[in-house]
Amino acid sequence: MIPGDIPYIGAIASNNGRTAYIANDRWVHPSNTISVSYNGSIAEAFYQPDDFWATDDVNVQYPKFAMNKYTAFFLVTIIKREKYRFNYGRKWDKELMEQSKIKLPVNSDGNPDWQFMEDYIKSLPYSANL
């Protein structure tokens, strides 16, 4: 690791997963994604607003929809609620994540209600500080 300014995301439960800042620029993940630990602090999820580098103990979730920081914070909260299902002996690895289903609010068409999720997070106290 070379010291620098790219966040290095590890399997910890604090500091948005950041364990260091590095200059290694190969295999950098893009901003506006969610990191989820499957080893160490299992099911710790964080919204990553900046480009970052992740350890092998972290799966990066790339959105297949127009995600913003408000919908990301909603999703991160839902993902963290799955923590009780996993532990050291039953890690939430990539295969299990792909099989997992999380419950989200839906609109009248049965699709995820992204606007509701965004509005809900915006309605919370201190959401202006996100």
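This passage walks through a small sheet, the helix packed on it, and the aromatic contacts in a predicted model.

Let's start with the sheet. Three strands make up an open sheet, and they run in the order β4-β3-β6 with antiparallel pairing. The edges are taken by β4 (45-48) and β6 (58-61); each has a single partner strand, so one side of each goes without a neighbour in the sheet. On average, and ignoring direction, neighbouring strands here are turned by 25° against each other. Strand β3, spanning residues 33-37, pairs with β6 over four bridges in the antiparallel sense. To pick out one position, I34 has Q61 in β6 as its bridge partner. Packed on this sheet is helix α1 (residues 69-80), which touches β3 and β4. The direction of helix α1 makes about 165° with that of β4.

Next come the rings. A pair of aromatic rings is described by the distance of the centres and the angle of the planes. Searching the whole structure turns up six aromatic pairs. One of them joins Y8 and W53, a stacked pair with 5.2 Å centre to centre and 15° between the planes. Y8 belongs to strand β1 (residues 3-9) and W53 to strand β5 (residues 53-54), so this pair ties together parts that sit 45 residues apart in sequence. Y8 comes out as buried, because its relative accessibility is 16%, under the 20% cut-off.

F74 and Y120 meet in another way: their pair is edge-to-face, at 6.1 Å centre to centre, with 90° between the planes. Here F74 comes from helix α1 and Y120 from helix α3 (residues 114-123), so parts 46 residues apart in sequence get tied together. That brings the story back to helix α1, the one that packs on the sheet. As for accessibility, F74 is buried at a relative accessible area of 11%, whereas Y120 counts as partly exposed at 40% relative accessibility. The F74 and Y120 rings also belong to a cluster, in which ring pairs link them with F116.

Finally, there is a charge over a ring to report. K122 lies over the face of Y70, and the distance from the ring centre is 4.9 Å. Going by the residue ranges, Y70 falls within helix α1 (residues 69-80), while K122 falls within helix α3 (residues 114-123). Helices α1 and α3 are thus linked by the edge-to-face pair of F74 and Y120, and K122 over Y70 adds a further contact of another kind.

Note on methods:
Residues numbered from 1 in each chain as written. Predicted model: local features only at pLDDT ≥ 70, side-chain atom pairs only at ≥ 80, totals over all residues. Heavy atoms only, no water. Pairing = 2+ DSSP bridges. Helix = DSSP H or I, 4+ residues; strand = E, 2+ residues; numbered from the N terminus. Axes fitted to C-alpha atoms, helices over the stretch in contact; angles between N-to-C directions. Contact = heavy atoms within 4.5 Å. Phe/Tyr/Trp six-rings, centres within 6.5 Å; stacked < 30°, edge-to-face > 60°. Buried < 20%, exposed > 50% of the residue type's maximum accessible area, 1.4 Å probe, protein only. Lys NZ or Arg CZ within 6 Å of the ring centre and 35° of its normal.
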